[in-house]
Amino acid sequence: MKQSVVAGALALMLLGQMSEGVEAQQSSSAASPQQVIPDAPRPQTTLGPVAPGKGSTGSEIPAPTPAADDSFQKPVGSTLPGSAAPASAATQEEAPELPAPGEGAQAIQTLYVHTNFVEVPFTVKDNKGHLVPGLTWRDVRVYENGLRQKMSVFTTDPVPMSVALVIDQSLPFDTMSRVNNALGALQGSFAPYDEVAVYTYNNGPRLQTAFTAGQSARLGAVLEQSKSTGRDGAMAYTSGPLSQNININDNDPNNAHNPLVNSTHGTSMSGIQNVPRELHTLNDAILEAAKATAKAERGRRRIIFVISDGKEYGSVAKTKDVIKYLQTNKIQVYATLVGDSSVEGLGFIDRIHIPMTMRDNILPAYTAATGGETYAEYRTRGIETSFSKITEEVRTQYTVGYQTTEPFIDGKYRTIEVKVMRPNLEVIAKKGYYPSANDARPMRPTTTTPATKTP
């Protein structure tokens, strides 16, 4: 009897608990009628580490935003030089490679093996002609064929120089004397890691020495033997209309002469002689120096330094062809202009070029096209000072590099413009370049540790 009573009580308790569970389930379903129970994950042939709760199809997972993932950032597009950049362009632009101090030349030489890498050295001066230091990559814009380029490297480190010195020996006697006196100060402008070759020219170029160390005893001896007497200002003639004699009487048996007047004065002109023309083969001399400088190894600044009055006559090479060769082989021309051409106002008539006659001064055409500069100096002290000015300018140049998007080996000329985003500053850089097949050769791999990018 007692057992039946206990069994009935347990049954009533179980029925009460079941009714409470049903009511709780009904109230829960009423509160969220749209809830769907997800299916269990399907079995996979290859199981991997699955985190709990990741069995859904992934449609509910939000896509990453561009700010959270750098791979979603779009590169800044090229803009025309005259167009205004968007306000957010400065924050989107990435910093170029900024080598550590002293590693700029190494970075240019070893980091970039691409065939479309373009190196542009440039100088910045203020309105008083003083060099402007302290610029950063944010101050510089580079354009090729009118389109802005993204800089890959920016450095201010000095670069070793390979300098081909070209000395004009066809100068007048007095000008040549001033140049000879100034040559002694030239070697002091070079550093021990620079290399210098010396060429002279009169009626043709002549190699005095191949590339040698800038502080070597050989260079000093070669500069000493490169001194010349120059060209005489007057020429003597013994016959013809320019001779200094005249027959007093043609029937005079003694054939007496008066040394004060012309010998053919009042007689036939059959004895006229052609005056020898002066030869100033400047184009040929620059071309020969350029051929040697083009062989300088990468990572060195290729420079041709000319000391001349700028006159050109008798060269086989044409000026435009020599300039194209310089622009193809990344060679800059700097010049010290001497003689009457260096003085403002002197030689004005000579500067007016008449066809089939001598060109008075072609050096500015070379320096402007290659990113160099011409210093006009008349006195010996000024010529000496120009040597140090030129080497200082080359050593303090800024250097930027970028990857051009143009087909590299097409032989077409590309214009280059470097702008500095500061007022009243002058930028001196090459006007453009021709792509070279030599740039298509990849550099030999090196074991040098590349420079790290500085933020």
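Q: How much area does the chain expose, and what share of it comes from carbon and sulfur atoms?
A: This is a predicted model, in which local features need pLDDT of at least 70 and side-chain atom pairs count only at pLDDT 80 or more, whereas totals for chains, interfaces and linings use all residues. Residues are numbered from 1 along each chain as its sequence is written, and side-chain values use heavy atoms, with hydrogens and water left out. Accessible areas come from the Shrake-Rupley method with a 1.4 Å probe, and for residues only the protein chains shown count as cover. On that basis the chain exposes about 26900 Å², of which carbon and sulfur atoms supply 55%.

Q: Which element of the chain has the highest mean pLDDT?
A: The pLDDT, the predictor's confidence in each residue from 0 to 100, has a mean of 74 over the chain, and 58% of the residues reach 70 or more. Helices (H or I, at least four residues) and strands (E, at least two) are DSSP runs, numbered from the N terminus, and the chain has 10 helices and 16 strands. Among these elements the lowest mean, 36, belongs to helix α2 (residues 89–92), and the highest, 97, to helix α6.

Q: How many contacts beyond near neighbours in sequence does the stretch of residues 346–354 have?
A: Over residues 28–33 the pLDDT is below 50, and this stretch has zero contacts (heavy atoms within 4.5 Å) beyond near neighbours in sequence. Where pLDDT is low, the predicted coordinates should not be read in detail. With that caution, residues 346–354, where the pLDDT is also below 50, have contacts beyond near neighbours numbering 10.

Q: Which strands stand at the edges of the open sheet of four strands?
A: Two strands pair if DSSP finds at least two bridges between them, and by that rule the sheet has the order β3-β2-β14-β16 with antiparallel pairing. Two of its strands each have a single partner strand, so one side of each is left without a neighbour in the sheet; these are β3 (147–149) and β16 (432–433).

Q: Which residue is the bridge partner of Y201 in β7?
A: Strand β6 (residues 195–201) and strand β7 (residues 205–213) pair in the antiparallel sense over six bridges, and a hairpin of three residues joins β6 to β7. Within β7, the bridge partner of Y201 is P205.

Q: Is T370 buried or exposed?
A: T370 lies in helix α9 (residues 363–370), and beyond its neighbours within four places in sequence it is in contact with L326, I331, Q332, V333 and K430. Buried means under 20% relative accessible area, exposed over 50% and partly exposed in between, with a 1.4 Å probe and protein chains only. Because its relative accessible area is 3%, T370 is buried.

Q: Which element gives the largest share of the lining of the second largest cavity?
A: On a 1 Å grid over the protein atoms alone, a cavity is a set of points where a 1.4 Å probe fits but cannot get out, and lining residues have an atom within 4 Å of a point; there are three cavities of 30 Å³ or more. The second largest holds about 50 Å³ of space, and its lining consists of M161, V163, F190, I303, F305, I390, T391 and V394. Two or more of these residues come from each of β5, β10 and α10, and the largest share, three residues, comes from α10.

Note on methods: 1 Å grid on protein atoms, 1.4 Å probe; cavity = no way out; pocket = protein on both sides within 12 Å on 5 of 7 lines; lining within 4 Å. Points joined across faces, edges and corners; volume = space filled by probe spheres on them.
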